[in-house]
Amino acid sequence: MTNEIIFYTQLSSIVLFVCTLFFLYRVLVSQKDATIQLLKEKNSFIERQLVEASKFSPDALAKSLSDRVRLLNEEIVRLAKDKENNQEKINNKEKELDEIRKEGEELSRKISKAHELMQEFFCPTCGEAMAERGYESESVDYQGQELDVEHEYVLYKCGLMVVDGEEIRECAGLGARP
Ligand SMILES: [Zn+2]
């Protein structure tokens, strides 16, 4: 009975993880097409993350995880019938279950990271894609010397413009502030 309770607790955390993964993956896929070109040009690190994330289709991942969990469950139940002689094996199976969860969490972390890194490519208000990003240098006079100061500007399709992290023109897209 105790084993079953432990198992179901672990199972529900795995199910929760898979649901989270599904959600993140969907968001990622829906945003991927619009930005893949941009990502390729601008940030090979994100590209690597995306490629890695896309290897794990949620269906395949969920199936592989649930298959392994199901097999382990059957084994644990079987071993639990002769608990005294099988305690060590049961412990090993529980360790395996723990490994699966860690593996899942690692994948989830990678997908979250890719998702997080992609955030800046979309308007935080309406979700429109970034249209342009660049740098402009400005000459400033500092104690009689001419210095070049670089400003980063980001322009989104909805009109939002951000310079050096500061919003200088508001989003005019759907869902924009009234
Ligand atoms: Zn916007």
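Student: Where is the place of Gln143?

Tutor: Gln143 sits in the loop between β1 and β2. Keep in mind that we're looking at a predicted model here.

Student: What does its phi look like?

Tutor: Phi is a backbone angle, and its sign is worth a glance. Gln143 has a positive phi of about 50°, although it is not a glycine. Look at the setting too: β1 and β2 form a hairpin with two residues between the strands, and Gln143 takes that phi there.

Student: Is Gln143 buried or exposed?

Tutor: To read that, count the C-beta atoms around a residue; 12 or fewer within 10 Å means exposed. Gln143 has 5 other C-beta atoms within 10 Å, so it is exposed.

Student: Which residue in the loop between β3 and β4 has a similar story?

Tutor: Try Asp164, which is found in that loop. β3 and β4 also make a hairpin with two residues between them, and Asp164 in the turn has a positive phi of about 50°. Asp164 isn't a glycine either. It counts as exposed because it has 11 C-beta neighbours inside 10 Å.

Student: Okay, let's zoom out. How many helices and strands does the protein have?

Tutor: There are four helices and four strands. Now read along the chain from the N terminus: the elements run α-α-α-α-β-β-β-β.

Student: What order do the strands take in the sheet?

Tutor: For a sheet, ask who sits beside whom, and which way they run. Here the four strands make an open sheet in the order β1-β2-β3-β4, with antiparallel pairing. The edges are β1 (130–142) and β4 (166–169); each has a single partner strand, so one side of each is left without a neighbour in the sheet. Ignoring direction, neighbouring strands of this sheet are turned by 30° against each other on average.

Student: How many bridges link β1 and β2?

Tutor: β1 and β2 (residues 145–156) pair over 12 bridges, in the antiparallel sense. To see one spot, find Ser137, which stands opposite Glu150 in β2.

Student: And how many join β3 to β4?

Tutor: Three bridges join β3 (residues 161–163) to β4, again antiparallel. You can trace individual partners: Met161 has Arg169 as its bridge partner in β4, while Val163 has Glu166.

Student: How many residues of β1 are buried?

Tutor: Zero of its 13 residues are buried, so to speak: β1 is hardly covered. Take Glu136, which is found in β1. Glu136 counts as exposed, because it has 10 C-beta neighbours inside 10 Å.

Student: Which residues does Glu136 contact, beyond its neighbours within four places in sequence?

Tutor: Skipping those neighbours lets you see what folding brings together. For Glu136, the contacts are His151 and Tyr153. You can also compare sequence with space: Glu136 and Asp148 are 12 residues apart in sequence, and 9.7 Å apart from C-alpha to C-alpha.

Student: Can we try a residue in a helix? Where is Lys93 placed?

Tutor: Lys93 is in helix α4 (residues 83–118).

Student: Is Lys93 buried or exposed?

Tutor: The cut-off for buried is 20 or more other C-beta atoms within 10 Å. Lys93 has 22 C-beta neighbours inside that distance, so it counts as buried. Leaving out its neighbours within four places in sequence, Lys93 contacts Leu72, Glu75, Ile76 and Leu79. Lys93 and Leu71 are 22 residues apart in sequence, with 9.9 Å between their C-alpha atoms.

Student: Which residues make up the largest nonpolar core?

Tutor: Here's the general idea: in soluble globular proteins, nonpolar side chains tend to be buried together. In this model, the largest nonpolar core has five residues: Cys123, Tyr156, Cys158, Leu160 and Cys171. Within that set, follow Tyr156: setting aside neighbours within four places in sequence, it contacts Cys123, Glu128, Ala129, Met130 and Ala131.

Student: What percentage of the protein counts as buried?

Tutor: Of its 178 residues, 15% count as buried.

Student: And what share of the contacts with a separation of 6 or more comes from residues 24 or more positions apart?

Tutor: Those residues account for 61% of such contacts in the protein.

Methods:
Residues are numbered from 1 along each chain as its sequence is written. This is a predicted model: local features need pLDDT of at least 70, side-chain atom pairs count only at pLDDT 80 or more; totals for chains, interfaces and linings use all residues. Two strands pair if DSSP finds at least two bridges between them. Axes are lines fitted to C-alpha atoms, for helices over the stretch in contact, and angles run from 0 to 180 degrees between N-to-C directions. A nonpolar core is a set of buried Ala, Val, Leu, Ile, Met, Phe, Trp, Tyr and Cys residues joined through C-beta atoms within 7 Å. Two residues are in contact if their C-beta atoms, placed from the backbone, lie within 7 Å.
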